[in-house]
Amino acid sequence: MKAIKLAMALVMLFGLTGCWSRVELDEWAFAFGLYLDVGPAPGTVSVTISTPLPNHLTSGQQTGSSGGANKPYAMITKTGRTIPDALVMIQQDLSRQLSLAELKVILVGKAYAAQGLTDLLEWITRDPEVSMGAFLIGTDNVIQTANLTPIYEQIPSQILMSFASERHMLNTSARDCLVASSYGLGYGLTYITSSSVPTPEKSADGNRTWSGINGVMLFNKEKLKGTLDLEEGRSLALAYGKLKDPSYTIYWNNEKSYANAIFTKTSSRRTVRLEKGRPVFTIHLKGRVGLTTVKDQEGRNANALHNLILRQLNRQIRQNVEQALTKTQEAGTDAMRLGSLVEWNYPKLWQKLRPRWEEAYRKEVDIRVVTDYTLNDYGKQN
């Protein structure tokens, strides 16, 4: 009996010894953002990490106003043959242990995207520390975008993450890219552009870096195939059901009359059927909108104005979505993963189409758009 009690006591004591391999929280450097672009030498990649500096994140500090050594974040850039090589060199310059477990956003430059995201996606699948839920975003200038001026946040990577998580355009994650690639389909990334703009605040050069969404990058087989502009990107996101709280401006009378519409409810549905052995896709868009501003130069009554706005709204959205989808076909990028509908509904046909889906999507696929939007109210006529 005494032996049993002694054994139980020893077992309990083993649980109090702690973890021999632990790293204290203040010994970690957590990377929230990872920024990738082509390196200066052929065949190299430039990797930048963005980590918060807890000792600079003071409650009394004005957001976005600090600069230089007082910035609440640090950025470190290294160039290597591969992403892991560059990260190893970054770790060598850190006084803390680098952790990618909190990585929220991966920003890829246009030049890097043109070469392909194969190495990036392969690394993500093999490194267990990197979250599959990290958002992927494209940009024209990696370093400039990474150094954007945070206004309402303290760290630029928080702004980039909000662009995706708040669904201002697409919210494509690493998982989405990997799933699309496994099917042999395409995908789109939110495309951000940056510029230097004057600021009334006192700063070293009187300017700040301003970044904003400017469209969508289209990918197929991990390579950049083309881009959509802002309106085309919003139309694609609306058709995909990715756009949060969309708004629209409808014009008529040669744009002399207009109405501003805010969507209060939206839904998107995709179907496929065969016509003469070829897949025909239909995008069904439905929702309700409210009007915030209405200006009609001809002074129509409420009923006539209601019918006109409703007709113009459905026609304009349908045309814009059709234009965006036509652009994806020209690029050979099935960004809405319509091919998966063929696999689910016509698996034998998909076995034939999958090896050449890029070409089939470009030339053999018919995509139709059906809209059914209604108005909550007429709005106030000006």
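I began at the end of helix α7 in this predicted model, where I looked up the residue that follows the helix and found G184, with a positive phi near 80°.

I then went back into α7 itself, which covers residues 174-183, and listed its buried residues as A174, D176, C177, L178 and A180. For the pattern I kept in mind that residues three or four places apart in an α-helix point the same way, because there are 3.6 residues to a turn.

Next I turned to charge on the surface, and noted a positive patch in which K265, R269, K286 and R288 gather. Asking which elements give two or more residues to this patch, I found β12, running over 257-275, and β13, running over 278-295.

Within the patch I took a separate look at R288, which has its place in strand β13. Is R288 buried, partly exposed or exposed? Its relative accessibility is 35%, and because partly exposed lies between under 20% for buried and over 50% for exposed, I entered R288 as partly exposed.

Last, I wrote down the values for the protein chain as a whole. I noted 12 helices and 14 strands, and a chain of 382 residues of which 43% are buried. For the accessible surface I recorded a total of about 19,900 Å², with 51% of that area belonging to carbon and sulfur atoms. On contacts, I considered those with a separation of 6 or more, and found that residues 24 or more positions apart account for 69% of them.

Notes. Residues numbered from 1 in each chain as written. Predicted model: local features only at pLDDT ≥ 70, side-chain atom pairs only at ≥ 80, totals over all residues. Heavy atoms only, no water. Patch = residues over 30% accessible without salt bridge, like charges linked within 9 Å, V, L, I, M, F, W, Y side chains within 5 Å. Areas by Shrake-Rupley, 256 points an atom, 1.4 Å probe, with all protein chains shown as cover. Salt bridge = Lys/Arg side-chain N within 4 Å of Asp/Glu carboxyl O. Lys, Arg positive; Asp, Glu negative; His and termini not counted. Charge placed at Lys NZ, Arg CZ, Asp CG, Glu CD. Helix = DSSP H or I, 4+ residues; strand = E, 2+ residues; numbered from the N terminus. Buried < 20%, exposed > 50% of the residue type's maximum accessible area, 1.4 Å probe, protein only. Contact = heavy atoms within 4.5 Å.
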